[in-house]
Protein chains: 2
Amino acid sequence: MIFALRPSERSGRPTLWIPLVRRIREPFKGLWALPGGPLSHTESLPDAALRNLRETTGLAPSYLEQLYAFGGLHRSPTQRVVSIVYWALVQPTEAALADESENVKWFRADRLGELAFDHNAIIDYALWRLRNKMAYGSIAYHLLGEYFTLAQVREVYEAVLDRELDPANFRRHVKATPEIEETDQYLQGGKHRPPRLYRFTGRPGLDPDNRSTP
Amino acid sequence: MIFALRPSERSGRPTLWIPLVRRIREPFKGLWALPGGPLSHTESLPDAALRNLRETTGLAPSYLEQLYAFGGLHRSPTQRVVSIVYWALVQPTEAALADESENVKWFRADRLGELAFDHNAIIDYALWRLRNKMAYGSIAYHLLGEYFTLAQVREVYEAVLDRELDPANFRRHVKATPEIEETDQYLQGGKHRPPRLYRFTGRPGLDPDNRSTP
């Protein structure tokens, strides 16, 4: 599963989007589903997840993390399926490179309609985790480019939390975060005084399968 | 995997313990390992985890959570194995009821020696997650009984974080936690003025496989 920020069609404000794949066979033929597929015996879990994302969207996300293993007995009407779900966050510039086709499309995460299998529940769980992680983590910065303004960080939080935040309070909060570094650069091209650019210096999330020393 | 607090042999202070099972066949015959086994087609993931814990230790933990799915290619020398690991936290009174035998024993989590497969790495990851969760969550209270003193909460934190904490600061911090409720009861049996008992009123962690509405 991939999350990326894209401007909403109406307001132009960033919102969370997610690419889905149309089912071309039963069960749930014709419905949209998360990209995924069987695990090969010679592939690690993150490699299999990356391959699936690449084959459907053409994207190679740099931030990938295990979300959860879903193993309920009735997830598929035809057989028992255990899905080890990975999620990726990609920056808008990466997401803009994604392939779309008749059977692969991006959707607003809050307007999905009915999906195949238990994929609505899986996405709801991912959104819940994302909101929780935003509260104390560095996850927001994986949705942004290398340089960003404090207003852009606030827009990410607003998109994920789905509510408006007080700009002055939020500014104070972010400026107090040790991993946020002020740069000497400013965002060009606006009408007003150009806002300062910041950089995230923290490390990516630990994924035990990716650690070099086990 | 189960964590419980038990008094250390030397100081009597609470430390983290974990039950292990001795391998009675190859690979790794004779080494200690986490309890576990194959998933049946008619069993949910948490049911399979609970069955394994019950069959080895006789315990039926009330707090069970999915830790992580481990799927590296070389985890077993004989075949590809993907392990979806669950962890449970049990209160000392529960842990005291656990069965022990020649092939099932409790070990201090920080003194395990070499275990079968990648189980040292899995336990290291669990300890890392436990320490992270302590920082902002309610997880400490699953290791305590229903009623506890503030000093007992501090001892849990000290056991998990493996360092001493300032009692006055810690007291202030816990008393400011909304889910901690003062009771009218006091711990009996000490030499000094009996300390007040508190109660945790928060809800257990969400496990998506256990949610009633998917």
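This passage describes selected features of a predicted model, taking chain A before chain B.

In this predicted model, the confidence score pLDDT averages 87 over chain A, and 93% of the residues of that chain score at least 70. Among the elements of chain A, strand β3 (residues 32–33) has the highest mean pLDDT, at 98, whereas helix α2 (residues 92–95) has the lowest, at 83. The score stays under 50 over residues 204–214 of chain A, a stretch for which the model has 24 contacts beyond four places in sequence.

According to an unreviewed UniProt entry, residues 1–131 of chain A are covered by the annotation "domain: Nudix hydrolase". In the model, this span of chain A is 23% helix and 29% strand, and the C-alpha atoms at its two ends lie 16 Å apart. Within the loop that runs between β4 (63–70) and β5 (83–90) of chain A lies the residue A:S76. Because its relative accessibility is 10%, A:S76 counts as buried, the cut-off for that class being under 20% relative accessible area. The side chain of A:S76 makes a polar contact of 3.1 Å with the side chain of A:T78. When residues up to four places away in sequence are not counted, A:S76 touches A:P27, A:V81 and A:F117.

Beyond the annotated span, chain A contains an open sheet of 3 strands, arranged in the order β7-β9-β8 with antiparallel pairing. The edge strands of this sheet are β7 (147–148) and β8 (180–186) of chain A, each of which pairs on one side only. Between β8(A) and strand β9 (residues 196–200) of chain A, the antiparallel pairing extends over 4 bridges, and A:E181 has A:R199 in β9(A) as its bridge partner.

In general, the strands of a sheet are paired through hydrogen bonds of the backbone, in either a parallel or an antiparallel sense. Chain B also has an open sheet of 3 strands in the order β7-β9-β8, and its pairing is antiparallel. Here the edge strands, each pairing on one side only, are β7 (147–148) and β8 (180–186) of chain B. The pairing of β8(B) with strand β9 (residues 196–200) of chain B is antiparallel and comprises 4 bridges, with B:Y186 standing opposite B:R196 in β9(B).

Helix α4 of chain B, which consists of the 12 residues 150–161, reaches 16 Å from its first C-alpha to its last, close to the 16 Å expected at 1.5 Å a residue. Buried residues in α4(B) include B:L150, B:V153, B:R154 and B:V156, and B:Y157, B:E158, B:A159 and B:V160 are buried as well. Just after α4(B), the residue B:D162 takes a positive phi of about 60°.

Strand β2 (residues 14–22) of chain B is largely enclosed by the rest of the structure, because 8 of its 9 residues are buried. Several strands pair with β2(B), beginning with strand β1 (residues 2–7) of chain B, to which it is joined in the antiparallel sense over 4 bridges. In this pairing, B:R6 has B:T15 in β2(B) as its bridge partner. The hairpin of β1(B) and β2(B) has 6 residues between the strands, and in this hairpin B:G12 takes a positive phi near 80°. Strand β6 (residues 104–108) of chain B likewise pairs with β2(B) in the antiparallel sense, over 5 bridges, and B:L20 stands opposite B:K105 in β6(B). A further antiparallel pairing, over 2 bridges, links β2(B) to strand β3 (residues 32–33) of chain B, where B:A33 in β3(B) is the bridge partner of B:V21.

Strand β6 of chain B also holds B:R108, which is buried, with a relative accessible area of 13%. A polar contact of 3.0 Å joins the side chain of B:R108 to that of B:D110. Leaving out residues up to four places away in sequence, B:R108 touches B:S8, B:E9, B:T15, B:L16 and B:W17; one of these, B:T15, is the bridge partner of B:R6 in β2(B).

Finally, B:L45 is found in helix α1 (residues 45–57) of chain B and, at 6% relative accessibility, counts as buried. B:L45 and B:T177 are separated by 132 residues in sequence and, from C-alpha to C-alpha, by 33 Å in space.

Definitions and conventions: Residues are numbered from 1 along each chain as its sequence is written. Chains are lettered from A and ligands numbered from 1 in the order in which they are written. Side-chain values use heavy atoms; hydrogens and water are left out. UniProt positions are given in the numbering used here, feature names are shortened, and annotations may be inferred rather than shown by experiment. Two strands pair if DSSP finds at least two bridges between them. The expected span of a helix is 1.5 Å times one less than its number of residues. Buried means under 20% relative accessible area, exposed over 50%, partly exposed in between (1.4 Å probe, protein chains only). A polar contact is a pair of N or O atoms within 3.5 Å; within protein, one must be able to donate a hydrogen and the other to accept it, and residues adjacent in sequence count only if both atoms are side-chain atoms. Contact means heavy atoms within 4.5 Å. pLDDT is the predictor's confidence in each residue, from 0 to 100.
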